[in-house]
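Welcome! Below are some short exercises, each with a worked solution. Have a look at the molecule first, then work through them at your own pace.

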Amino acid sequence: MFLLWAISQERLSVPFQSLDGKTSDKFKSPIFLSTCQSALSCASALAYLLLRRKPGQTLSELLGISPSVAYTKTKSNGVGNGNTNGHASARSEHSFSKSLLLRYIQCSLFITFAAPFGFAALSHISYPAMVLAKSCKLVPVMLMNVILYRRAFARHKYVVVALVTVGITMFMGFGGEGAAKHAAKGQSNPALWHSIIGMTYLLINLILDGATNSTQDEIFARYKVSGQQMMLWINLLCTILTSFISILPLPHIPVLHPSQGGETELRNALEFLRTHPSIIYPLAQFALTGALGQLFIFETLQHFGSLTLVTITLTRQWAGAGVVFAGISVEAWVKRRDVHAKRVIHEEEKAKLKSL
């Protein structure tokens, strides 16, 4: 599912031909993309919860906002503080709802501002290069868990993360030798600057992703919520947040609001859809595959944690890069076959002329 999502994400970063066929333009509304995906993800999570609803389960229990799912520390005799009156229970319920909601809002903010940087990075670097860089995502995930929540990991996990990161860094470093030589000669290299900008955007995206994953780990550690319940609330808040941002006439802000100053992103996005209808299919594919894929992502996150999830995601990204390379290889093979066929025909015609 996420292989299709990765392909559609790359497709959305290239220019689309206009309806009249005269121009080709890039889609510059990353917040609108996030709104489409989060809205569909919220709907898919709600549908999943309703289909899996247990008999007698209340609405608050179904949505994961019941105080009974809170993680509380009790004494050995099972009594917390001795306050069992209605006022204490009401305060406990209010405190629980508020603290869980704040965690969800925190995740939605990280996700909302991380997505535009990832989308903008594809305008400066290739998808395979993005996959290579994102293979180091284990580092920000572990780092944010330690910095934000003082969480410790087993020693072997630190070793695994270090080995993976060093290996990928060496691989990418050897690939940049040519660019380094051009820089040493003092020559201007636009491709080098594009790579630097793209990698900077990607670094910001990775840091925010690491903060998101570490916060999700913290929610699962403190509250007894399911992956789909978390998916529902985070995507609902993301949809509200991105919808609000998209209707604001913000000034031009690189990455976050690349539209012209004073114009709303929603208006520009809808106008682009009208004048470039070829974007509709990859946009729908991006939102649908992302929504269905998140069901499995949050299930894995709930039971195995963010580090295992990132490891699986990296495997998926490498598979996605393999699909891209396979497509390029097929295209190159077809072109080579056509050239060879034309050469054979040309040689046969030359042989006929010589025989005459």
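## Exercise 1: Ser8 and its surroundings

Ser8 lies in helix H1 (residues 2-11); helices are DSSP runs of H or I with at least four residues, strands are runs of E with at least two, and both are numbered from the N terminus. This is a predicted model, in which local features need pLDDT of at least 70 and side-chain atom pairs count only at pLDDT 80 or more, while totals for chains, interfaces and linings use all residues. Residues are numbered from 1 along each chain as its sequence is written, and side-chain values use heavy atoms, with hydrogens and water left out.

Task: Is Ser8 buried or exposed, and which residues does Ser8 touch?

Solution:
- Step 1. Start with the cut-offs: buried means under 20% relative accessible area, exposed over 50%, and partly exposed in between (1.4 Å probe, protein chains only).
- Step 2. The relative accessible area of Ser8 is 1%, so Ser8 is buried.
- Step 3. Now look for contacts, meaning heavy atoms within 4.5 Å. Leaving out residues up to four places away in sequence, Ser8 touches Pro282, Gln285, Phe286 and Thr289.

## Exercise 2: Two packed helices

Task: At what angle do helix H2 (residues 30-51) and helix H11 (residues 265-275) pack, and which residues make the contact?

Solution:
- Step 1. Axes are lines fitted to C-alpha atoms, for helices over the stretch in contact, and angles run from 0 to 180 degrees between N-to-C directions.
- Step 2. The angle between H2 and H11 is about 80°, and their axes are 9 Å apart.
- Step 3. Angles under 35 degrees count as roughly parallel, over 145 as roughly antiparallel, 65 to 115 as roughly perpendicular and the rest as oblique. H2 and H11 are therefore roughly perpendicular to each other.
- Step 4. H2 contributes Pro30, Ile31 and Phe32 to the contact, and H11 contributes Glu265, Leu266, Ala269, Leu270 and Leu273.

## Exercise 3: Aromatic rings

Task: How many aromatic pairs are there, and what geometry do Phe16 and Phe272 show?

Solution:
- Step 1. Rings of Phe, Tyr and Trp (its six-membered ring) pair if their centres lie within 6.5 Å; planes under 30 degrees apart count as stacked, over 60 as edge-to-face and the rest as tilted.
- Step 2. This rule gives four aromatic pairs.
- Step 3. In one of them, Phe16 and Phe272 are 6.5 Å apart centre to centre with 85° between the planes, an edge-to-face pair.
- Step 4. Phe16 is in strand S1 (residues 16-17) and Phe272 in helix H11, so the pair ties together parts that are 256 residues apart in sequence.
- Step 5. Phe16 counts as buried at 0% relative accessibility, and Phe272 is buried too, at 9%.
- Step 6. Phe16, Phe27, Phe32 and Phe272 form one aromatic cluster.

## Exercise 4: Cysteines

Task: How many disulfides does the structure hold, and why does Cys238 have no bond to Cys107?

Solution:
- Step 1. A disulfide is a pair of cysteine sulfur atoms within 2.5 Å.
- Step 2. The structure holds zero disulfides.
- Step 3. For Cys238, the closest cysteine sulfur is that of Cys107, 8.6 Å away and therefore too far for a bond.
- Step 4. Cys238 counts as buried at 4% relative accessibility, whereas Cys36 counts as partly exposed at 24%.

## Exercise 5: A loop residue

Task: Where does Arg150 lie, and is Arg150 buried or exposed?

Solution:
- Step 1. Arg150 sits in the loop between helix H6 (138-149) and helix H7 (155-175).
- Step 2. With a relative accessible area of 68%, Arg150 is exposed.
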